Amino acid sequence: MSQKCIFIGFGKQAQEYAKVFKILNIKISSIFVRNKKKYNKYKKEYLIDKIETDLSKCLNKNNYDFIMVMLPWNIIEIILPIVIKNSKKKLIFSEKPVSLSLKKLRYLTNICTEYNKNVYVLYNRRFYEVFKKTQKYLKNNRLLHFKMTINENEKELIKRKSRKIIGNIKYHITSHWIDLVMWLL
């Protein structure tokens, strides 16, 4: 029997994961979205059983093994506590950032402990070929000098994410830096 999941949000990034899940034979039991009509066209393409517009209804079902939280960067911290508190399963995978402040991150940590849930943040950049080579290099050498920069085109990022990202780009990219440094070292 294959694994089953639900998606909270089903934008472009979620659809990329859905393509992989289809290849891996991971069933999408349901997706939670605000506009059901907008996502009906994906039902057949990704073999989605049900499209939900009620988050509680979606989470209270038992037809999934794990959850994928795939929401915009500025909405995740609002919805993630609801998912943690109301999901039937322990495994929750989330886009990042999961919070925009240390206070909210501590809150998430506390409710994960209270509800015995695990939230795993999705960091796929660490699997890029350049980072595999860097990690291999570090095994044989003690020092590595590098410079980290925000490589996203700011205008394009604003266009893709909304004007709300202005002044908040650090929240969008910094977690990748921290993850990569920790993973490399």
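The exercises below concern a predicted model of a protein, each followed by a worked solution.

**Exercise 1. Overall composition**

Task: State how many helices and strands the protein has, and in which order the elements run.

Solution:
- Step 1. The secondary structure comes to 8 helices and 6 strands.
- Step 2. Read from the N terminus on, the order is β-α-β-α-β-α-β-α-β-α-β-α-α-α.
- Step 3. Of the 185 residues in the protein, 39% are buried.
- Step 4. The accessible surface comes to about 12,000 Å², and carbon and sulfur atoms account for 54% of that surface.
- Step 5. Take the contacts between residues at least 6 apart in sequence: 61% of these contacts join residues at least 24 apart.

**Exercise 2. The surroundings of strand S1**

Task: Determine which strands are joined to S1 by bridges, and in which direction they run.

Solution:
- Step 1. S1 covers residues 4-8. Because 4 of its 5 residues are buried, S1 is largely enclosed by the rest of the structure.
- Step 2. Strand S2 (residues 27-32) runs parallel to S1 and is joined to S1 by 5 bridges. In this pairing, Ile6 stands opposite Ser30.
- Step 3. S4 also runs parallel to S1, with 4 bridges between these two strands. Here Phe7 is placed opposite Met68.
- Step 4. The connection from S1 to S2 involves helix H1, and the three elements make a right-handed β-α-β unit.

**Exercise 3. Two residues of helix H1**

Task: Classify Ala18 and Val20 as buried, partly exposed or exposed, and describe the surroundings of each.

Solution:
- Step 1. Ala18 is placed in helix H1, which spans residues 12-23. Val20 is also placed in H1.
- Step 2. Buried means under 20% relative accessible area. Ala18 has 1% relative accessibility, so Ala18 counts as buried.
- Step 3. Leaving out residues up to four places away in sequence, Ala18 touches Phe7, Phe10, Ile28 and Tyr46. For Tyr46, which is 28 residues from Ala18 along the chain, the C-alpha separation is 6.4 Å.
- Step 4. Val20 has 42% relative accessibility and therefore counts as partly exposed.
- Step 5. Val20 joins Ile23 and Leu24 in a nonpolar surface patch of about 320 Å².

**Exercise 4. Salt bridges**

Task: For the pairs Lys61 with Glu52, Glu77 with Lys104, and Lys96 with Glu95, give the N to O distance.

Solution:
- Step 1. Side chains of opposite charge can pair when their charged atoms come close. The structure holds 5 salt bridges.
- Step 2. Lys61 and Glu52 are paired at 2.5 Å, N to O. Lys61, at 22% relative accessibility, is partly exposed, whereas Glu52, at 4%, is buried.
- Step 3. Glu77 and Lys104 form a salt bridge at 3.1 Å, N to O. Glu77 belongs to helix H4 (residues 76-86) and Lys104 to helix H5, so this pair ties together parts that are 27 residues apart in sequence.
- Step 4. The relative accessible area is 15% for Glu77, which is buried, and 42% for Lys104, which is partly exposed.
- Step 5. Lys96 and Glu95 meet at 3.1 Å, N to O. Both Lys96 and Glu95 are buried.

**Exercise 5. Helix H4 and the loop before it**

Task: List the buried residues of H4, say which elements they pack against, and locate Leu71.

Solution:
- Step 1. In H4, the buried residues are Ile76, Glu77, Ile79, Leu80, Pro81, Val83 and Ile84.
- Step 2. These buried residues pack against S1, helix H3 (55-59), strand S4 (66-69), S5, H5 and S6.
- Step 3. Leu71 sits in the loop between S4 and H4. With a relative accessible area of 15%, Leu71 is buried.
- Step 4. Apart from neighbours within four places in sequence, Leu71 contacts Ile8, Gly9, Ile76, Ile79 and Glu95.
- Step 5. Leu71 and Lys96 are 25 residues apart in sequence, and their C-alpha atoms are 8.7 Å apart.

**Exercise 6. Strands S5 and S6**

Task: Describe how S5 and S6 are joined, and what unit they make with H5.

Solution:
- Step 1. Strand S5 (residues 91-94) and strand S6 (residues 118-121) run parallel and are joined by 4 bridges.
- Step 2. Within this pairing, Ser94 is opposite Val121 of S6.
- Step 3. Together with helix H5 (residues 102-114), S5 and S6 make a right-handed β-α-β unit.

Key: Residues are numbered from 1 along each chain as its sequence is written. This is a predicted model: local features need pLDDT of at least 70, side-chain atom pairs count only at pLDDT 80 or more; totals for chains, interfaces and linings use all residues. Side-chain values use heavy atoms; hydrogens and water are left out. Buried means under 20% relative accessible area, exposed over 50%, partly exposed in between (1.4 Å probe, protein chains only). Contact means heavy atoms within 4.5 Å. Patches are made of residues with over 30% relative accessible area and no salt bridge: like charges are joined within 9 Å, nonpolar side chains (Val, Leu, Ile, Met, Phe, Trp, Tyr) within 5 Å. Accessible areas come from the Shrake-Rupley method with a 1.4 Å probe; for residues, only the protein chains shown count as cover. A salt bridge is a side-chain nitrogen of Lys or Arg within 4 Å of a carboxyl oxygen of Asp or Glu. Two strands pair if DSSP finds at least two bridges between them. A crossover is right-handed if, with the strands pointing away from the viewer, the path from the first strand over the helix to the second runs clockwise.
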